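Trainee: Please take me through this model one question at a time, and fix the terms of accessibility before anything else.

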Amino acid sequence: TYDTVTASKEEIAAALATVPIDPSFHTLVERTQRLGIELAIVSDGMDWVIETVLAAHGIHGLALYANHITFQGGKPCITFPWWHEFCPMDGVCKPKVLNRFRDAGKRIVYIGDGRSDRLAAAEADVVFAKNDLVTICQAQNIAAREFTSFDDICGWLEANA
């Protein structure tokens with residue numbers, strides 16, 4: 001529980017506004033918009049946290065699939081609208097979200113970096129991986145393109161969109 005959290009929503013937002021993001025994420029957002037590619041964030045994090053960090057960097061309006069946080073009586077309350085029994089250990093069942101795009105006839109280019117991306121990587125058409133996801137993909141024989149920044153992905157999108 002979050003009973004020990006004493007900071008207000010405003011104090012948390014102020015702290016989140018100082019969180020850095022990869023500067024090349026702006027380029028990815030611009031490039032996908034220019035190429036007509038739908039960009040969505042699928043995260044096992046919390047929606048309000050992600051939206052607050054992105055807003056501090058001038059990024060608004062991206063589709064976001066994450067755990068939902070509200071503040072009730074000044075305390076955080078989390079719900080899991082994307083949980084599914086297929087992914088019982090994750091708050092967001094990323095394959096469930098990806099299937100929404102696949103069902104709409106979309107090609108899935110997935111970008112990830114950690115354990116919560118393992119099941120989604122197995123479902124994607126193309127995987128860009130860094131950090132722990134590289135090792136996971138290698139262990140599961142999932143073809144993945146290693147990346148260090150979103151600039152690496154932007155070049156690939158230009159050539160393959």
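Mentor: A residue is called buried under 20% relative accessible area, exposed over 50% and partly exposed in between, using a 1.4 Å probe and protein chains only. This is a predicted model, in which local features need pLDDT of at least 70 and side-chain atom pairs count only at pLDDT 80 or more, whereas totals for chains, interfaces and linings use all residues. Residues are numbered from 1 along each chain as its sequence is written, and side-chain values use heavy atoms, with hydrogens and water left out.

Trainee: In what order do the elements of the protein run from the N terminus on?

Mentor: The protein has 7 helices and 6 strands, where helices (H or I, at least four residues) and strands (E, at least two) are DSSP runs numbered from the N terminus. Starting at the N terminus, these elements run α-α-β-α-β-β-α-β-α-β-α-β-α.

Trainee: What radius of gyration does the protein have, set against that of a compact globule?

Mentor: The radius is taken over C-alpha atoms, and the globule rule is 2.2 Å times the number of residues to the power 0.38. Along the principal axes, the C-alpha atoms fill a box of roughly 50 × 35 × 30 Å. For 161 residues a compact globule would come out near 15 Å, and the protein agrees with this, its own value being 17 Å.

Trainee: Among contacts in the protein with a separation of 6 or more, what percentage comes from residues 24 or more positions apart?

Mentor: Of the 161 residues, 39% count as buried. A contact here means heavy atoms within 4.5 Å. Of the contacts with a separation of 6 or more, the part that joins residues 24 or more positions apart is 44%.

Trainee: Which elements are named among those that cover the buried residues of H3?

Mentor: Helix H3 spans residues 47-56, and its buried residues are Asp47, Trp48, Ile50, Thr52, Val53 and Leu54. After H3 comes Gly58, which has a positive phi near 75 degrees. The cover over the buried residues of H3 includes helix H1 (9-16), H2, strand S1 (40-46) and strand S2 (63-72).

Trainee: With which residues is Arg31 in contact, leaving aside its neighbours within four places in sequence?

Mentor: Arg31 belongs to helix H2, residues 24-35. With a relative accessible area of 18%, Arg31 is buried. Once the neighbours within four places in sequence are set aside, the contacts of Arg31 are Cys154 and Glu158.

Trainee: Which phi value does Asn141 have, although it is not a glycine?

Mentor: Most residues other than glycine have a negative phi. Asn131, in the loop between strand S5 (126-129) and helix H6 (132-139), has a positive phi near 55 degrees, and it counts as exposed because its relative accessibility is 52%. Asn141 is in the loop between H6 and strand S6 (145-146) and is exposed as well, at 72% relative accessibility. Its phi is positive too, at about 55 degrees.

Trainee: How many salt bridges does the count come to?

Mentor: Side chains of opposite charge can pair when their charged atoms come close. The rule asks for a side-chain nitrogen of Lys or Arg within 4 Å of a carboxyl oxygen of Asp or Glu. Applied to this model, that rule gives a count of 9.

Trainee: How far apart in sequence are Asp90 and Arg115?

Mentor: Asp90 is buried, at 3% relative accessible area, while Arg115 is partly exposed, at 45%. Their side chains meet in a salt bridge with an N to O distance of 3.2 Å. The pair links distant parts of the chain, since Asp90 lies in the loop between strand S3 (75-79) and helix H4 (94-103) and Arg115 in the loop between strand S4 (109-112) and helix H5 (118-123), a separation of 25 residues.

Trainee: Which two parts hold Arg102 and Asp125?

Mentor: Arg102 forms a salt bridge with Asp125, the closest N and O atoms being 3.3 Å apart. The pair ties together parts that are 23 residues apart in sequence, because its two residues lie in helix H4 and in the loop between H5 and S5.

Trainee: Which residues are joined into one network by salt bridges that share partners?

Mentor: Arg34 and Glu30 meet in a salt bridge of 3.4 Å, N to O, and both lie in helix H2, 4 residues apart, about one turn of the helix. Glu30 is partly exposed, at 36% relative accessibility, and Asp125, in the pair discussed before, is partly exposed at 42%. Through shared partners, salt bridges join into one network Glu30, Arg31, Arg34 and Glu158.
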